[in-house]
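Here's a quick tour of how some of the helices pack and what sits in the cores. Have the structure open while you read.

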Amino acid sequence: MRLCYRSRVKLYSFDGIDATLDFVPLAARRALDRTGLKPSLDAWRALPLDVRRGLVELGEAREVEVSAVERALAGLSIPRLDPAEDPSPLAVPEAVRARFGAARPISDALWLSLTPIDRYALAKTADRAKDDRLAAAYQEIVGQSALSTHLAPSGGARMVDVSQKPASLRQAIAETRVAMTQAAFTRVEQQSAPKGDVLGTARLAGIMAAKRTSELIPLCHPLALTKLSVELELDATSHAIVVRATVEAFDRTGVEMEALTAVSVAALTVYDMLKGIDRGMEIGPTRLLSKSGGRSGDFAR
């Protein structure tokens, strides 16, 4: 069977296999393992190059299309084994963690951020590789990601892959304050600020900002928010406006940044509308009051 393939396929440097595909690269091994097929090296080399490349491409996909692997090898006498599942994305297998050791740490958060083929490659390498190959695999796949899940192995920024996380109800509540002079506070109370409705405009600004958080915070995931409220309360004792935002979403990552963005922009809007009266206004502290949902559990002040 002739497979269509991209000009470049996934080959790891530490694997020592070049574009001739004279040996079976890890991506192709994943495709074969998921299908339960184990061709000999001679059988692999007898396959046309475009078929070998197609198997590599199938193996680097997020989900291996088993039926496509079967079709590519149809009619060939290839030993069959039980199909092997991919490593779970939710936690580092203990054998992998132990093999790489404390000198080459892999956290559960980092493991989850990797692609399925990268997790497979690390698990396969940990199975029986020598120490120098382990070190090379770790450097190529993990690299500077060990310092932060927002860093790619080479050190460049990347958005964390959350597609493997289960969706759940996430909620976050954030708060900040805007302290001002008595004169500015009185204008808000009397709804006589020169620029108009301070509280209503700030509330709208906070809602709009929360919905655009992913455009403001680098590498922040865009979320479909199911609940978003911004409330502003007057604190006459301290001449301050208390801003509180409640955000909810049924998604794979939390909404803390949306809540914090909402109160921050609402507070900045208050400042903008009153700065002609009081340029010495103070914003803060800005803080997360609570969050719920997700693997990290609940938080409350």
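What follows covers one helix pair, the nonpolar cores and one serine.

This is a predicted model, where local features need pLDDT of at least 70, side-chain atom pairs count only at pLDDT 80 or more, and totals for chains, interfaces and linings use all residues. Numbering starts from 1 along each chain as its sequence is written, and side-chain values use heavy atoms, with hydrogens and water left out.

Start with H1 and H7, whose axes come within 10 Å and cross at roughly 95 degrees. That makes H1 roughly perpendicular to H7 (65 to 115 degrees). In contact terms (heavy atoms within 4.5 Å), Leu26 and Arg30 are among the H1 residues that meet H7, where the partners include Tyr120 and Lys124. The residues of this contact divide into 6 nonpolar, 1 polar and 4 charged.

Now the largest nonpolar core, a set of buried residues (under 20% relative accessible area) joined through side-chain atoms within 4.5 Å. It has 42 residues, and Leu55, Val69, Leu73, Phe100, Ile106 and Leu122 touch the most other members. These helices are among those that each supply at least two residues of this core:

| Helix | Residues |
|---|---|
| H3 | 49-60 |
| H4 | 66-72 |
| H5 | 94-100 |
| H8 | 131-141 |

Skipping neighbours within four places in sequence, Leu73 is in contact with Leu32, Leu37, Leu47, Leu55 and Ile78. There's also a second, separate core of 31 residues, including Ala245 and Leu288.

Last stop: Ser113 in helix H6 (residues 108-113). Ser113 is buried, at 5% relative accessible area, and its side chain reaches the backbone oxygen of Leu110 at 2.7 Å.

Methods. Axes fitted to C-alpha atoms, helices over the stretch in contact; angles between N-to-C directions. Helix = DSSP H or I, 4+ residues; strand = E, 2+ residues; numbered from the N terminus. Parallel < 35°, antiparallel > 145°, perpendicular 65-115°, else oblique. Nonpolar A, V, L, I, M, F, W, Y, C, P; charged D, E, K, R; others polar. Buried < 20%, exposed > 50% of the residue type's maximum accessible area, 1.4 Å probe, protein only. Polar contact = N/O pair within 3.5 Å; in protein donor to acceptor, adjacent residues only side chain to side chain.
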